[in-house]
Amino acid sequence: MNFFAGLLLLLMPEENAFWTFVGIIDDYFDGYYTEEMIEAQVDQLVFEELIRERFPKLVHHLDYLGVQVTWISGPWFLSIFVNILPWESVLRVWDVLLYEGNRVMLFRTALALMELYGPALVTTKDAGDAITLLQSLAGSTFDSSQLVFTACMGYLTVTEARLQELREKHRPAVLLVVEERSKGGRVWKDPNGLATKLYSFKHDPELLIEENKGTEGSDDALADGDLSYKEPAANLDNMLSGLSVNSELEGRDLQEQVVWLKVELCSLLEEKRSAVLRAEELETALMEMVKQDNRRQLSARIEQLEQEVAELQQSLADKREQESAMIQVLMKVEQEQRITEDARRNAEQDARAQRYAVNVLEEKYEKAMASVAQMEKRAVMAESMLEATLQYESGQAKAVSSPRAVHNQSSVDSPKRRIGLFGLAWRDRNKGKPSNLEGSSDRKSTN
C-alpha cells in the first residue's frame, strides 16, 4: 500500500491523499489488504481461469516451466501496476479504473499484457527467464494508448457480472483454504501446486521429510477426516500406484519407500516436461516446414493468380475497347437520329407552310372565281344591251330614207353619242374581252 500512498502524495495534498487512499482501499479493493487477503486470492483464481480460457497454450507452457500464474499477476493486482508499468501507462489505467468504479480494468489490463507479450513467453525455457522477460517487457510498455485500447476494446466480455460469477465460484475454495491454514493443517491446492512441491523435493528431499515429520503430530486433524488433506493424498496414491517398486526397497521402512517413490515421480515429471518441451520444439519445426511448404504453394498459387489477373485485365481492356467502340457507334446513331429528327421537324414546318399557302391560294382563287362570275354576268348584260342598241340603230338606218329623216337627224346623232360613250366605258372596264366591243365599234365605224 505504500505505492498507493506515494503516488497520491505526488498528486495532491496530504489530507486529500489520505482520504483518497481510504476510499480506494475501502470501496475499490475491499478485502484485498486484510489479514487473510481473501478477495485478492479470489481474484487471482478468477484471473487464472480467465487466462486459461483465453490463452491455453501459454498457460500450458507456464505450467511445464513450473511458473504459476499467481506469481505474475499477484504483484500486478496488489500494486495496481505501480512500479510494474511506466508512469504514463499506470495513470491511464488508474483513470479508467477510478472512472468505472470497479476492478474490471485490472483484469483487462493483465489480459492485454498477456496478449502483447505471450508469444515471447512461449519461447522461454526456464521459469526464471519467463518471469524476468515478462517483467522487463511490462516495464517497457510506453505506448499507453495501445495498452488501454487493447484492454478496453479487446476484452469487452470481461464484465463486472462475469467477474462476480467467477468470484462466487472460487470464494468457497479460498475460504476453506484460509480456514485450514488457521488450524495449522497442510493444504494442497491443486495439481499445479503438487508438481511444484515435488519439483522442490527433488532438489531438497530433507525438506519434505521434515514436513512429513512435522505433520505426524497432527493426529487430531487426521482423525477428524479432513477432506482437504485426504483428497491430495488419494491423488498421490493414484499417481504412485503405477510405479514399480524394486526388491531392494522391501527391506526399507515405509517412509524411505515414499521418499524414493517421490524422487522417481519427480524424475518422471521432469522427463515428461522435457518430452513436452521437445514435442513443442518438434511441433514448431514441423510448423515451420509446413509454413515453408505452404509458402511454396502460396507462391505458385500467387503466380497463377497473377497470371489470371493479367488475363482478366487484358479481357477487361478488350471489353473497354469494345465498350468505347459501341459508345462511338451509339453516339453516331444518336447524332443521325437527331439529324433525322431535325429534318422531320423542318419537313413538318415546310408542309405546314405549304398547307397554309395552299389555303391562302384557295381563298384567293375562290374570290377570283366569284369576281369572274360577276364580270361574266355584267358581260352578258352588256352584250344584251349592245344587241338592243344594234337593233335600234338598224331600225334607225331603215328610217333614214323617210321624209322624217331630216327632222330626226339630230335625234339620231344624240343616241350615237350615247352609245359611243357607253361602249368606251364598257371597254375600259373589260379590257380582257375586247373582241365583241371591237366588232361593234367596227360596225359603228362602217355605219
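**Figure 1. Helix 1 meets helix 2 at the start of this predicted model.** On the helix 1 side, the meeting residues are Phe4, Ala5, Leu8 and Leu9, and their partners in helix 2 are Glu14, Ala17, Thr20, Phe21, Ile24 and Ile25. Sorted by class, this contact holds eight nonpolar residues, one polar and one charged. Helix 1 covers residues 2-11 and helix 2 covers residues 14-28; the two pack at an angle of about 140°, and their axes are 9 Å apart. Helix 1 and helix 2 are therefore oblique to each other. The crossing of helix 1 past helix 2 is right-handed.

**Figure 2. The whole protein chain, for orientation before the other close-ups.** If you count the secondary structure of the chain, you arrive at 18 helices and zero strands. The chain has 447 residues, and 29% of them are buried. Take the contacts with a separation of 6 or more: 74% of these join residues that are 24 or more positions apart.

**Figure 3. Two residues with positive phi in the loop between helix 5 and helix 6.** Isoleucine 80 sits in the loop that follows helix 5 (69-79) and leads to helix 6. Its phi is positive, about 50°, although isoleucine 80 is not a glycine. Is isoleucine 80 buried or exposed? With a relative accessibility of 2%, isoleucine 80 counts as buried, because buried means under 20%. Asparagine 83 belongs to the loop between helix 5 and helix 6 as well. Phi of asparagine 83 is near 65°, again a positive value in a residue other than glycine. Asparagine 83, however, has a relative accessibility of 52% and counts as exposed.

**Figure 4. Leucine 97 in helix 6 and the residues around it.** Leucine 97 has a place in helix 6 and is buried, with a relative accessible area of 2%. Which residues does leucine 97 touch, not counting residues up to four places away in sequence? They are Tyr28, Phe29, Ile80, Asn102, Met105 and Leu106. Ile80 is the loop residue with positive phi from the previous view. As for tyrosine 28, it is 69 residues away from leucine 97 in sequence, while the C-alpha to C-alpha separation in space is 8.8 Å.

**Figure 5. Serine 89 in helix 6 and its polar contact with threonine 141.** Serine 89 is found in helix 6, which spans residues 87-100. Here you are looking at a buried residue, with a relative accessible area of 1%. Its side chain reaches the backbone oxygen of threonine 141 at 2.8 Å. Leaving out residues up to four places away in sequence, serine 89 touches Thr141, Phe142, Ser144 and Leu147. Two of these names come back in the next view: Ser144 and Leu147 are among the buried residues of helix 9.

**Figure 6. Helix 9 and its packing against helix 6 and helix 7.** Which residues of helix 9 are buried? They are Ser144, Leu147, Val148, Thr150, Ala151 and Cys152. The buried residues of helix 9 pack against helix 6 and helix 7. In the contact with helix 7, the residues from helix 7 are Met105, Arg108, Thr109, Ala112, Leu113, Glu115 and Leu116, and those from helix 9 are Gln146, Leu147, Val148, Thr150, Ala151 and Cys152. This contact divides into eight nonpolar, three polar and two charged residues. Helix 7 (residues 104-122) and helix 9 (residues 144-154) have axes 8 Å apart and pack at an angle of about 115°. The two helices are therefore roughly perpendicular to each other, and their crossing is right-handed.

**Figure 7. Helix 4 against helix 15, with His60 and His61 among the residues that meet.** From helix 4 come His60, His61, Tyr64 and Leu65, and from helix 15 come Lys272, Arg273, Val276, Leu277 and Glu280. By class, the residues of this contact are four nonpolar, two polar and three charged. Helix 4 (residues 56-65) packs with helix 15 at an angle of about 140°, and the axes are 10 Å apart. The crossing of helix 4 and helix 15 is left-handed.

**Figure 8. Serine 299 in helix 15 and the backbone oxygen of arginine 296.** Helix 15 takes in residues 254-398, serine 299 included. A polar atom of the serine 299 side chain lies 2.5 Å from the backbone oxygen of arginine 296. Serine 299 counts as partly exposed, at 35% relative accessibility.

Definitions and conventions:
Residues are numbered from 1 along each chain as its sequence is written. This is a predicted model: local features need pLDDT of at least 70, side-chain atom pairs count only at pLDDT 80 or more; totals for chains, interfaces and linings use all residues. Side-chain values use heavy atoms; hydrogens and water are left out. Helices (H or I, at least four residues) and strands (E, at least two) are DSSP runs, numbered from the N terminus. Buried means under 20% relative accessible area, exposed over 50%, partly exposed in between (1.4 Å probe, protein chains only). A polar contact is a pair of N or O atoms within 3.5 Å; within protein, one must be able to donate a hydrogen and the other to accept it, and residues adjacent in sequence count only if both atoms are side-chain atoms. Contact means heavy atoms within 4.5 Å. Axes are lines fitted to C-alpha atoms, for helices over the stretch in contact, and angles run from 0 to 180 degrees between N-to-C directions. Angles under 35 degrees count as roughly parallel, over 145 as roughly antiparallel, 65 to 115 as roughly perpendicular and the rest as oblique. A crossing is left-handed if the near helix is turned anticlockwise from the far one by less than a right angle, and right-handed if clockwise. Ala, Val, Leu, Ile, Met, Phe, Trp, Tyr, Cys and Pro count as nonpolar, Asp, Glu, Lys and Arg as charged, and the others, Gly among them, as polar.
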